[in-house]
Structures are given as C-alpha cells and as structure tokens.
Amino acid sequence: MNKRLKLAGLAASRTLRSGKTTLVDADSSEKTSPYFAGEKRSARKKRTPIKIEHEATKDDEMNAKEREDAAVSTDVADVKVEEREVENKNAEQSTDLKDIKDEERWMPPNWETVLENIKEMRKDETAPVDTMGCHKCTDRNASPTMFRYQSLVALMLSSQTKDQVTFAAMQRLNTYGCQPDIIVATPDDVLGKLIHPVGFWKKKVQYIKRTSTILLDKYDGDIPKTVKELCELPGVGPKMAHLCMRVAWGEVSGIGVDTHVHRICNRLKWVRKPTKTPEETRNELEDWLPKPLWSEVNHLLVGFGQETCLPRFPKCSECLNKDICPYASKSGEKTKK
Ligand code: SF4
C-alpha cells in the first residue's frame, strides 16, 4: 500500500470514530466509499433554481440604448433604402414623363425642312432688312451707349414703316446728332421733319422725346437691360423690347414677332390654331421652336416676307416650300404665279 492510500484510510477511521459528517466529507466519501451513499442521498436538499437579481448598471443602460439606437438606425436605414427606391421610381417616372412630354410636345410637321428651304432662299441676303434693318441704322462711330440708344430709336421708328424709310430717317438723325440730350433739346417740329415720313411720325416724336428724358433721368443716358423695363418706355412693346435686347445688348430674351413673322407663321401653320395678334404668335412659336433658333428666326422670316411670302399675292410658285406649305395647297389660286 502506498503512502497516499494509508493516509486516506486513517482519515476514514477518524471520521467514523468522531461520528461527525460534513457535506464536504460526504461528497468526498461518495467518491471513496458506497457506505455513505444512502445517508448522503437523504441529506441532499432539493436544489431550487437560483434567481439572480441583476441590478442594471450604467453600462447596461448604455448597451441597451446602443441596441435600441442600432435597431432604430436599422429602421432608419430601411426607411432610407425604401425612400431611395421611391425616389428612384419617381426619377424613372419623371424621366418617362419628360420623354412623354418631349414626345407629346406639339411641333408643326416638316418645320425643319421648311426652315431649311427658307434659309436656302435667304442665303444671298438681298432683302431690305439685310441691308437697311435696324441693326444697320446706327452710327458706325457711336460709343456702345450711343449704339444702344440709336438701336432703340431705330426700332421705334421701324414700327409700321418700311426698312428703307426707317433707314433714311436714321441717316438724317445720326447726321443731326442722335443722342438723348440732343433729342430732348430739339423742338418737336424739327424732330418731326427729321423723321418724316415714317409711319405715325407725330406720335413717334412724342415717344422718342419722352423716352429720351426717361433714359437721361433713370438710366444715365443708357437704355434698360430688361424686357420689362424696356416695355415701360413710351412706345415700346414686347416685340420691340425682344428685338432691342438682341440688337442692342446681344441677348436673346424672346422671339420678336412683327407683322411678317405673324403672317408667315399662320400660313405655314406654325401655330396650333390661327392667331389674331403677333403676341399670340410669339407665345405659340416660343412653345415649340428650339431656343437656339430664336435669335435668327425673326430676321429670316422678315426677309422672306419682304421678298417671297408677300402680304398679298405671295410668290408661291417660286417658293421652295410650295409642295409642303399648307397655305399654298389651299389657296393656290390666290397666289402670284
Ligand atoms: S408656298 Fe407661298 S404661302 Fe407658303 S411659304 Fe411659300 S410663299 Fe409663303
């Protein structure tokens, strides 16, 4: 027997002699002797599950909050994803709508061919507007400010007046001194003689003098740079204001529709339904004509109206558009052969 077994045997006999039993001893006896098995089983208490009361600490609260936040942020992320999906759907829909809008936007049939034909007919620039239009009426040596003033005066004179007559009147005015301070100081009858025989010359004397006074008082002798302000000047309407923005300031603010443009657009059916005024025609035209063409369309159509698509007896037989023009096919008998 080895030394370890001897010590265990001594411990057991000492326990038997004293009659004391400890749980630890019993436990240990179970492993060493079956003698105490029955006693130990009866002495063992049935264990009840221990309920651990746990006091929430700050860390726990923070963890819970983090979990809550995480849950919320997941929810938010979900919502954001959903929102993005909705946005994407909306973007797709709006692209669709834009496409539909572009597709549905009314445009006159063959308008590009018609315009190309007009450009072809106008390529030699032989119309009065090409050599005597308002853009040709200013004094070549005028300062930029005086160039703008003279452009405005030429436009005011050109209303209801042939280009040749306007051009001649502007030549006389430029020689006399076409600047606002000189015009304001000029007696009405002298100014009348200078601009006669432009259409409505008496009225235009008043318009030009009042406008010149306003320009001196309000714009330091220059002209305003917006359509709205230009239209506030006596004798200046939207057509003149848009043309003035282009000629004087080099800006395209809208299409200048005069009697030629108004008539030709109606003949070509470049308006959805016949229009009664140039202003109505301008609205129609600006609705569909691509903006890059706005600056040239007035000049093209005015010259075309002066040479070919005349107010009375248009020269349809000479026109490159005669086979596709709605007016020519309807009113062939009225046209000049
Ligand atoms: S065919 Fe006649 S009406 Fe038509 S654009 Fe030409 S000239 Fe004008």
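Start with the whole protein in cartoon view: you'll find 17 helices and zero strands. Keep in mind as you click around that this is a predicted model. Of the 337 residues in the protein, 28% are buried. Now think about which parts of the chain touch which: among contacts with a separation of 6 or more, 60% are between residues 24 or more positions apart.

**Stop one: the loop between H10 and H11**

Select residues 188-195 for helix H10 and 201-218 for helix H11; the loop between them holds Pro197. Zoom in on the link from His196 to Pro197, which is a cis peptide bond with omega at about 15°. Stay in this loop, because Phe200 sits here too. Its phi is near 55°, a positive value in a residue that isn't glycine. Both finds are worth a pause: most peptide bonds are trans, and most residues other than glycine have a negative phi. Is Phe200 buried, exposed or partly exposed? Phe200 has 13 C-beta neighbours inside 10 Å, so it counts as partly exposed.

**Stop two: the loop after H11**

Next, follow the chain to Asp220, in the loop between H11 and helix H12 (227-231). Asp220 has a positive phi as well, near 55°, and is not a glycine. Show its surroundings and you'll see that Asp220 is exposed, because just 9 other C-beta atoms lie within 10 Å.

**Stop three: two helices that cross**

Now select residues 259-267, helix H14, together with residues 278-288, helix H15. How far apart are their axes, and at what angle do the helices pack? The axes are 9 Å apart and the angle is about 60°. That angle makes H14 and H15 oblique to each other, since it falls short of the 65 degrees where roughly perpendicular begins. The crossing of H14 past H15 is left-handed.

Turn on side chains to see who meets whom. From H14, pick Thr259, Val261, His262 and Cys265; they meet Pro278, Thr281 and Leu285 of H15. By class, that contact has four nonpolar residues, three polar ones and no charged ones.

**Last stop: the ligand**

Finish by selecting the ligand and the residues around it. How many residues surround the ligand? There are 14, and the closest are Cys309, Cys316, Cys319, Cys325 and Ala328. Colour this shell by class and you get eight nonpolar, three polar and three charged residues. Charged residues thus appear in the ligand's shell, whereas the contact of H14 with H15 has none.

Methods. Residues numbered from 1 in each chain as written. Predicted model: local features only at pLDDT ≥ 70, side-chain atom pairs only at ≥ 80, totals over all residues. Near = placed C-beta within 6 Å. Nonpolar A, V, L, I, M, F, W, Y, C, P; charged D, E, K, R; others polar. Axes fitted to C-alpha atoms, helices over the stretch in contact; angles between N-to-C directions. Helix = DSSP H or I, 4+ residues; strand = E, 2+ residues; numbered from the N terminus. Parallel < 35°, antiparallel > 145°, perpendicular 65-115°, else oblique. Left-handed = near helix turned anticlockwise from the far one by under 90°. Contact = placed C-beta atoms within 7 Å. Buried ≥ 20, exposed ≤ 12 C-beta atoms within 10 Å, placed from the backbone.
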